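Me: I am new to this structure and should be grateful for a close look at a single part of it. Please describe one helix together with its surroundings.

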Amino acid sequence: MTQFIVNMPGHFVWWSLALVLAAAEVLAPGYFLLWIGIGAAATGFVVMLLPQLGVLAQAVAFTVLAFLSCAAYWRWLRPRLQRSEYSDTTLNRRGASLIGRRLVLSEAIHEGRGRVRVGDGVWLATGPDLPAGSEVEVIAAEGILLKVRAVQDAPPATAEAANPG
């Protein structure tokens, strides 16, 4: 077995190392070994193109290429893979993701309680007494209870809007 590895072309050794690192990444995911494996695969291509490189030059090439691939991940790919703050804060809290949406009451709000249609479902709503069919805006969510307010067709006039100045 040792003789087989010694007689193997240099680029196959680097590609084998890349495969081992990729397999290790699958077993212990974390996006770190993958990029070092990419550096090993790139070193394999360099050694294939320049077979006269010595072991020290190959090790230096591997080190540089591994650092470059890790830096490329950190600089360009990682920011694209990260989720936005909004989706992280409302993960597994569907009610919180409804805040700000305008919905229609499916049941009148009577004595502060009613129901509002959300997609193909119905949620409990609390707010001022309003008839069924009224448009409301979700202002808060507590579990499965949505706090709503009536939506006005025109925004309320303010002193600044009336007197621009």
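Reply: What follows is an account of helix α2 and the parts around it. The model is a predicted one, and the description should be read in that light.

Helix α2 covers residues 10–27. Its 18 residues, at 1.5 Å a residue, should span 26 Å, and the C-alpha atoms at its ends are indeed 26 Å apart, so expectation and model agree. The buried residues of this helix are H11, W14, A18, L21 and E25. Viewed down the axis of α2, these buried residues fall within an arc of 85°, and they therefore line one face of the helix. This arrangement may be set beside a general rule: an α-helix has 3.6 residues a turn, so residues three or four places apart point the same way.

The other side of α2 presents a contrast, for L19, V20, V26 and L27 are exposed there. The cover over the buried residues of α2 includes α3 (33–49) and α4.

One residue of α4 illustrates the surroundings of the buried face. Q58 lies in helix α4, which comprises residues 55–81. With a relative accessibility of 12%, Q58 counts as buried, because the limit for that class is under 20%. Apart from neighbours within four places in sequence, Q58 is in contact with W14, T43, V47 and L53. W14 is itself among the buried residues of α2.

Helix α2 also contributes to the aromatic pairs, of which a search of the whole structure finds four. In one of them, F12 and W15 are arranged edge-to-face, with 5.8 Å from centre to centre and 65° between the planes. The term edge-to-face applies because the angle of 65° is over 60 degrees. F12 and W15 are three residues apart in α2, so about one helical turn separates them. Neither ring belongs to a buried residue: F12 is partly exposed, with a relative accessible area of 38%, and W15 is also partly exposed, at 23% relative accessibility. Together with F45, the residues F12 and W15 form one aromatic cluster.

In summary, α2 has a buried face formed by H11, W14, A18, L21 and E25, with α3 and α4 included in what covers those residues. L19, V20, V26 and L27 are exposed on the other side, while F12 and W15 join F45 in an aromatic cluster.

Definitions and conventions:
Residues are numbered from 1 along each chain as its sequence is written. This is a predicted model: local features need pLDDT of at least 70, side-chain atom pairs count only at pLDDT 80 or more; totals for chains, interfaces and linings use all residues. Side-chain values use heavy atoms; hydrogens and water are left out. Rings of Phe, Tyr and Trp (its six-membered ring) pair if their centres lie within 6.5 Å; planes under 30 degrees apart count as stacked, over 60 as edge-to-face and the rest as tilted. Helices (H or I, at least four residues) and strands (E, at least two) are DSSP runs, numbered from the N terminus. Buried means under 20% relative accessible area, exposed over 50%, partly exposed in between (1.4 Å probe, protein chains only). Contact means heavy atoms within 4.5 Å. The expected span of a helix is 1.5 Å times one less than its number of residues. The arc is that of the directions from the helix axis to the C-beta atoms.
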